[in-house]
Every structure is written in C-alpha cells, then in structure tokens.
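I opened this model to look up which residues are buried and how they pack. My notes follow.

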Amino acid sequence: MANEKISGAQKAAIFLFSLGEDLASNVIKQLTPEEIRKIGAAFSRISKLTPNTVDEIMREFQEDANMPLPIQVGKDGGTHFLKNVVSKAVDKDKAKSLIEDIQDEAKSYLFQNIKQLDPKTVALFLRAEHPQTIAIVLTHLDSLHAAEIIEELPPAIQANVVTRIAELENIPPGIVEEIDEVLKQEISAIKGGDGHKRGGVGLVAEILNQVNSKIEGQIMKDLEEQKQGLAEEIRKLMFVFEDLLKIDDRSILAILKEIDNENLMKSLKTASEGLKEKIFKNMSERASQMLKEDIEVMGPLRLKDVEAAQQAILKVAKRLETEGKVVLMSKGKEEVFV
C-alpha cells in the first residue's frame, strides 16, 4: 500500500491499530459517531503494509516513534480489533449500531469493478468460477444487477447458484476480500473480522422477482427437483398473497376463473379489507354477496389451512403468469404490451 494512496481515515486507522485496544478505545471516546464510522470503514480497505509505509505514517502522528514494525494487520483487515475497540469506547447498544454501520459502509467498497461492468461481461468473468464463488459475488450486488447477471449465466448452473445464495450464511473472514482482489486483477488484466452475513432465501426471492418469467420458471423447476423445501420457501417470499392487491383487475378476473370457491373463502379469512374489496368488485353482485355471507358464517380456521388456500391461489396465479395470461409484478424492466 503506497503512502500516497492512503486516505486520512486509513492513516488514523493504522495509528489506532498500533496503539492497542485499550489506548485506541480511549481515543475513540473522543471522536464523533461519524468519525468512528469513517475510521472503522477504513480498516477494511487496509491490506498489506510495508515497514516504510508504516514508518512514514507514524512519523506524521508522533515524532521519534519507537514501535516494532511492520504492523501485522491480518486477513480480517483489523475487524476483530475494531470491534473490541468500539465496544470498550461506547455503550453496548451504540457499539452494535456503529459496528453494523461500519460493516455496511465497508461492504460498499467490495466488487467496485464488477459493479461498473454490464451483466454480460460480468457473466463471462464469472461463468468459469465455482458456483459458490459466483453466489458470494452476487450477494454483494443490488438485486437487479444480480438478476441480470444470472440471466446471462449458462442455464446449467443458474439453479445451482441460486441455491447457494439461499443457503449462504457467514462467509469466513478474508474470503470475500480475496475473491474481490482476484477478480479485480483479472478485470484489470484485460481492461488496461467477522464473516459477512449475506445471502438467504429473501435475497433469492428478490433476485428472481427481477429475472424474466421464463428463466425464473426454469430455475424454480430445477430447484423443486433438487430441493423442494427450499423452492417452496423461496416461492412464498417471491409473491405473497397480499400482493394480489397490486395487480390489475383483468388479472384478478383471470385468476378468479381458475380457483374454487372454498379456497377463495379460506384465503380471505386473514386478507386485508382492501384485498377483499378488490376481489368482491371483480365478481358479480350475486357471487360477491354469497361469498361475503359464507365468510361471515365461517367458523375458526387453522392458520396453516388459510395459508395453504392462499398458496393454492398463488400457484394458479404463477401458472397463469407463465402462460402469459396475467401480469403479477414488474420484473425490473418496463413491461411491453402489444
């Protein structure tokens, strides 16, 4: 790390690291939360330090410094040190909030080169990587960009990558940074702490909501064949029953024609008044009146039975969407009607 490339926040971070946890925590107490966040985020951007670089930085803070060099920062970029320092400097709740802010800010610096490339180019870079590596990279991108990249990946690995995103939890310290560094070098060649909690079925649902229906359908089909339980969990998060309130009346009518009255009656047991009214207004006056009466006299239902009825209706809705008969939600791109 050349000295001229080191920011003021990074210099402060190196200086605090050299002081040790107790002394550094005393310094931290004198700083504002914003200053702590900036210095904390700077820790993650410190990689290798040469003795000369450290010596130059230390001279800026203290003349005649007598300290062992070089300082070994470690693979976690000083994250463990940072946590201990902040925890000693401020109360527990405030420390937790600050550390989360610092980690979020630090993550924004990862995969900057990838974020600036178009999806097709990124997919070309990633397609030779292990699906686990691809999954880790995609969890650090916004969901739309990740969705567009998945669309460009070979169909044979799409479901594998999505599965790994859903099952990602804590990534070992240093792994993300190592992947970022390798990809950065590969891109440059042709272009001239704690683990990060990422992934999960929620992120997969968000990504799949952005890809086109055909690719989403194939991915979900593959997932259902490989891991049915995971597929169902993802599907539930992709389009919830209450989201029917957001679709157009034409689509509601198409769905109502395909579902039985018993499932509809059960599904509306926990529905919002807004959704109920949307359903009622798309039925004949006689049919809506009968449905209202059935709901009023219906006894208590087990929650799982209500949810099963709602899922049955959503399954019909998704099938109709695949067939092009309804539009459930925007896929992150402008819908084209002809």
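I started with helix H2, residues 21–28, in this predicted model. I found Ala24, Ser25 and Ile28 buried there. I looked down the axis of H2: the buried residues fall within an arc of 105 degrees, so they line one face of the helix. Asp22 and Leu23 lie on the other side of H2, and both are exposed.

Next I checked helix H8, residues 119–126. Its buried residues are Pro119, Val122, Ala123, Phe125 and Leu126. Down the axis of H8 they span no more than an arc of 160 degrees, so here too they line one face of the helix. I also looked at the start of H8. A side-chain oxygen of Asp118 comes to within 3.2 Å of the backbone nitrogen of Lys120.

Then I turned to the nonpolar cores. Which residues touch the most other members of the largest one? I noted Leu126, Leu138, Ile165, Leu208, Ile219 and Ile234, out of 44 residues in that core. Several elements give two or more residues to this core, including H8, helix H9 (131–138), helix H12 (175–191) and helix H15 (228–238).

I followed Ile234 further. I set aside its neighbours within four places in sequence. Ile234 is then in contact with Ala166, Val201, Val204, Ala205, Leu208, Met220 and Leu223.

I also logged a second, separate core of 26 residues. Among its members are Leu275, Leu291, Ile295 and Leu320. For context, nonpolar side chains tend to be buried together in soluble globular proteins.

Notes. Residues numbered from 1 in each chain as written. Predicted model: local features only at pLDDT ≥ 70, side-chain atom pairs only at ≥ 80, totals over all residues. Heavy atoms only, no water. Buried < 20%, exposed > 50% of the residue type's maximum accessible area, 1.4 Å probe, protein only. Helix = DSSP H or I, 4+ residues; strand = E, 2+ residues; numbered from the N terminus. Arc of directions from axis to C-beta. Polar contact = N/O pair within 3.5 Å; in protein donor to acceptor, adjacent residues only side chain to side chain. Core = buried A, V, L, I, M, F, W, Y, C linked by side-chain atoms within 4.5 Å. Contact = heavy atoms within 4.5 Å.
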